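Student: Please take a close look at the part of this structure around the ligand. I am new to it.

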Amino acid sequence: MFLTDEEKRILDGAEGAGKQKAMEMLYALGVTFDAEKLIPIKRAHVALSGQEGDTYWCELLVDGGATCAVPPTTNPYWDTDYLTKFYDVTKEELDLANRTGEAYRKIGAILTYHCAPGVCSNVPFLGEHIAFSESSATPYVNGALGARSNRESSISALAAAVVGKTPYYGYHIDENRHGDILIEVDAELNECYDWGILGHCIGEMAGSLDPVLVFKNKVRPSQEDFLYFGAEAATSGAVAMYHMVGITPEAPTLEAAFGGKKIPAPAALITNKTLRDQETKLTAATGDINLVMLGCPHYTYSQILEIERLFAGRKVSHNTAFWILAESGAVELAERSRLRQKLELLGVRMVGNTCIDEPCWKSFEGSLGVTDSPKCAYYRERRGQPFAIRRLSECVEAAIKGRLD
Ligand code: F3S
């Protein structure tokens with residue numbers, strides 16, 4: 001891979017051991033993927049997770065004197081002040097969370113603690129070269145916005161933020177952004193839950209290929225719909241780029257979506273039955289519940305408002321906790337408008353800065369939870385809590401009864 005004299009100096013350690021480590025990472029990545037050179041990035045997002053490996057990497061760079069040339073926004077970990085009022089964590093878990101926050105503060109990250117940066121906290125433009133980690137963020141910025149990011153890890157995204165560059169390969173190059181398979185959709189998509197189930201089907205079919213979707217019915221997805229679609233396509237598969245013909249910016253036509261390549265025959269037709277079958281496969285569990293967990297990816301203010309409408313003044317059952325994880329700006333708006341206080345009187349709590357996959361939720365493990373997000377269920381089940389997946393209105397009814405029928 002070609003390096004400029006300036007880049008070689010950094011690789012040789014002339015700008016400190018931390019920046020040298022970051023450049024070593026980018027160089028290794030570039031050589032692995034046959035990148036021809038490094039290119040400057042405009043933005044970065046780091047999926048800081050509060051897990052030991054990610055924090056170790058950030059501390060290693062900080063100890064070597066590195067700071068970010070392009071300050072990245074960050075994923076959530078967990079709200080150590082608020083959630084410790086409700087749930088026990090060990091000293092080690094709390095120490096790791098505090099160490100993580102401190103390391104990213106020192107390296108100069110923008111501590112947004114938000115996992116849907118493309119929606120509001122770090123929104124790239126069409127064609128911008130960026131380095132975003134977080135599996136649900138990457139398909140959103142590539143597919144829905146037309147920005148250019150590889151499916152970065154937190155390690156490579158932080159290295160790119162420190163150096164201000166990323167290797168030129170993969171989704172930074174025009175021809176790698178074109179579609180690989182064609183999927184037709186003839187189904188009703190009424191809310192973001194339906195888009196999530198569609199994304200889950202697409203991820204299974206596409207794996208790591210770039211799907212092109214053609215809709216038989218006229219659809220106009222909202223930002224939450226795009227977000228849920230991409231989050232699930234990156235959970236059941238490894239989709240980081242997609243096209244929706246006539247909807248997403250790089251697919252004004254079917255021909256454009258495939259970049260002039262031969263258009264393949266449709267690999268599948270997704271109907272209402274396909275979506276319901278997928279739902280049945282994912283949502284079998286019923287019984288008493290102890291938790292409704294929403295906001296994976298983080299809820300927006302409009303989604304919080306919808307919860308108030310669905311409760312219609314009714315209350316959460318005494319044996320169930322109801323948590324909304326949201327972008328901290330949405331929580332602040334809910335506080336200002338008194339929506340937060342109204343929902344708390346019904347037993348609905350919300351928290352910013354927090355991911356579903358953190359140790360603060362472990363007291364629920366062992367009993368059944370309910371969520372509207374297959375991604376949430378996937379991660380929580382790995383930690384020992386079975387989850388059922390239902391559309392939002394059914395999550396609310398289950399919370400009121402304390403039971404899922
Ligand atoms: Fe966000 Fe954590 Fe889900 S980062 S998308 S709440 S797994």
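Tutor: What follows describes the ligand's surroundings and the pocket that holds the ligand. This is a predicted model, in which local features need pLDDT of at least 70 and side-chain atom pairs count only at pLDDT 80 or more, while totals for chains, interfaces and linings use all residues. Residues are numbered from 1 along each chain as its sequence is written, and side-chain values use heavy atoms, with hydrogens and water left out.

Among the residues surrounding the ligand are Asn75, Cys115, Glu134, Cys296 and Lys375 (a residue is near a molecule if one of its heavy atoms lies within 4 Å of it). Strand E10 (residues 287-299) gives the largest share of this shell, three residues (strands are DSSP runs of E, at least two residues, and helices are runs of H or I, at least four, numbered from the N terminus).

The ligand sits in the largest pocket, meaning that more than half of its atoms lie within 2 Å of the pocket's grid points. A pocket is an open set of points on a 1 Å grid over the protein atoms alone, where a 1.4 Å probe fits, with protein on both sides within 12 Å along at least five of seven lines; lining residues have an atom within 4 Å of a point. The lining of the largest pocket counts 31 residues, and Asn75, Glu134, Asp357, Lys375 and Tyr379 lie nearest its centre. Helix H8 (223-236), E10 and helix H14 (374-382) each supply at least two lining residues. Domain 1 (5-174) and domain 3 (283-404) both give residues to this lining, so the pocket lies between them (domain bounds come from an automatic or database domain assignment).
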